[in-house]
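This report is meant for a reader who is meeting the structure for the first time. It goes from one topic to the next under short headings.

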Amino acid sequence: VQLQASGGGMVQAGASLRLSCAASGRTDRRYSMGWIRQPPGKEREFVAAINWSGDSTRYLDSVKGRFTISRDPAKNTLYLQMNSLKPEDTAVYYCAADPNGYGLGPDYIYWGQGTLVTVSS
């Protein structure tokens, strides 16, 4: 499966953004999916995950209540709604998928290219 992330940008603290990740190729399989980010000069960190059916999710503690992961099977698209953004959310955000449809990260086999989110104070 190929993944294409989009929706990043530069916003001020408190703003919202919605990231999208379009899947193509072998979309007939039941993938679990997630978002991982890499802040400048730091290691990658897990942000959010969702199982194949969309009824189970998991979040990084610091984004709980602000970020929402969801997926639209009809569009083969994963989303990350990010509200109340903070400067510490600045990072390159990657979407990823794994053939284990019941998994909730943080290990994924398939990765998309990143999309940059910059939050200014």
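## Two residues with positive phi

At 41% relative accessibility, Ser 84 counts as partly exposed, and its place is the loop between β8 and β9. The model in which this residue is seen is a predicted one. Although Ser 84 is a residue other than glycine, its phi has a positive value, near 50°.

Asn 76 also has a positive phi, of about 50°, although it is not a glycine. This residue is found in the loop between β7 and β8, and with a relative accessible area of 30% Asn 76 is partly exposed.

## The largest pocket

Asn 76 leads on to the largest pocket, since Thr 27, Arg 29, Arg 71, Pro 73 and Asn 76 are the closest to its centre of the 16 residues that line it. The space in this pocket amounts to about 230 Å³. Two elements, β7 and β8, give two or more residues to the lining, and when the lining is sorted by class it has nine nonpolar, three polar and four charged residues.

Thr 27, one of the residues closest to the pocket centre, sits in the loop between β3 and β4 and counts as partly exposed, at 27% relative accessibility. Leaving aside its neighbours within four places in sequence, Thr 27 is in contact with Val 1 and Asn 76. Thr 27 and Asn 76 are 49 residues apart along the chain, and their C-alpha atoms are separated by 7.0 Å.

## The nonpolar cores

The largest nonpolar core has 28 residues, and of these Trp 35, Leu 80, Met 82 and Tyr 93 touch the most other members. Strands from many parts of the chain contribute to this core: β1 (2-6), β3 (17-24), β4 (32-38), β5 (45-50), β7 (67-72), β8 (77-82), β9 (91-98) and β11 (115-120) each supply at least two of its residues. Apart from it lies another core, made of five residues, among them Ile 36, Phe 46, Ala 49 and Ala 96.

Which residues does Leu 80 touch, not counting those up to four places away in sequence? Its contacts are Leu 17, Arg 18, Leu 19, Trp 35, Val 47, Ala 48, Phe 67, Thr 68, Ile 69 and Tyr 93, and of these Trp 35 and Tyr 93 are, like Leu 80, among the core residues that touch the most other members.

## The disulfide

A search of the whole structure finds one disulfide, formed by Cys 21 and Cys 95, whose sulfur atoms are 2.1 Å apart. A disulfide is a covalent bond between the sulfur atoms of two cysteines. Because Cys 21 lies in strand β3 and Cys 95 in strand β9, the pair ties together parts that are 74 residues apart in sequence.

The torsion about the S-S bond of Cys 21 and Cys 95 is about 65°, and the disulfide is therefore right-handed. Are its two cysteines buried or exposed? Cys 21 counts as buried, at 0% relative accessibility, and Cys 95 is likewise buried, with a relative accessible area of 0%.

## Tyr 110 and the cis peptide bond

Tyr 110 lies in strand β10 and counts as partly exposed, at 26% relative accessibility. When its neighbours within four places in sequence are left aside, Tyr 110 is in contact with Val 1, Leu 3, Tyr 31, Cys 95, Ala 96, Ala 97 and Pro 99. The C-alpha atoms of Tyr 110 and Ala 96, which are 14 residues apart along the chain, are separated by 5.4 Å.

In the loop between β9 and β10 (110-111) lies Pro 106. The peptide bond from Gly 105 to Pro 106 is cis, with omega near 5°.

## Gly 7 and its contacts

Gly 7 has its place in the loop between β1 and β2 (9-12), and at 33% relative accessibility Gly 7 counts as partly exposed. Not counting residues up to four places away in sequence, Gly 7 touches Leu 17, Arg 18, Leu 19 and Thr 115. Gly 7 and Arg 71 are 64 residues apart along the chain, and their C-alpha atoms are separated by 15 Å.

Conventions
Residues numbered from 1 in each chain as written. Predicted model: local features only at pLDDT ≥ 70, side-chain atom pairs only at ≥ 80, totals over all residues. Heavy atoms only, no water. Core = buried A, V, L, I, M, F, W, Y, C linked by side-chain atoms within 4.5 Å. Buried < 20%, exposed > 50% of the residue type's maximum accessible area, 1.4 Å probe, protein only. Helix = DSSP H or I, 4+ residues; strand = E, 2+ residues; numbered from the N terminus. Contact = heavy atoms within 4.5 Å. 1 Å grid on protein atoms, 1.4 Å probe; cavity = no way out; pocket = protein on both sides within 12 Å on 5 of 7 lines; lining within 4 Å. Points joined across faces, edges and corners; volume = space filled by probe spheres on them. Nonpolar A, V, L, I, M, F, W, Y, C, P; charged D, E, K, R; others polar. Disulfide = S-S within 2.5 Å.
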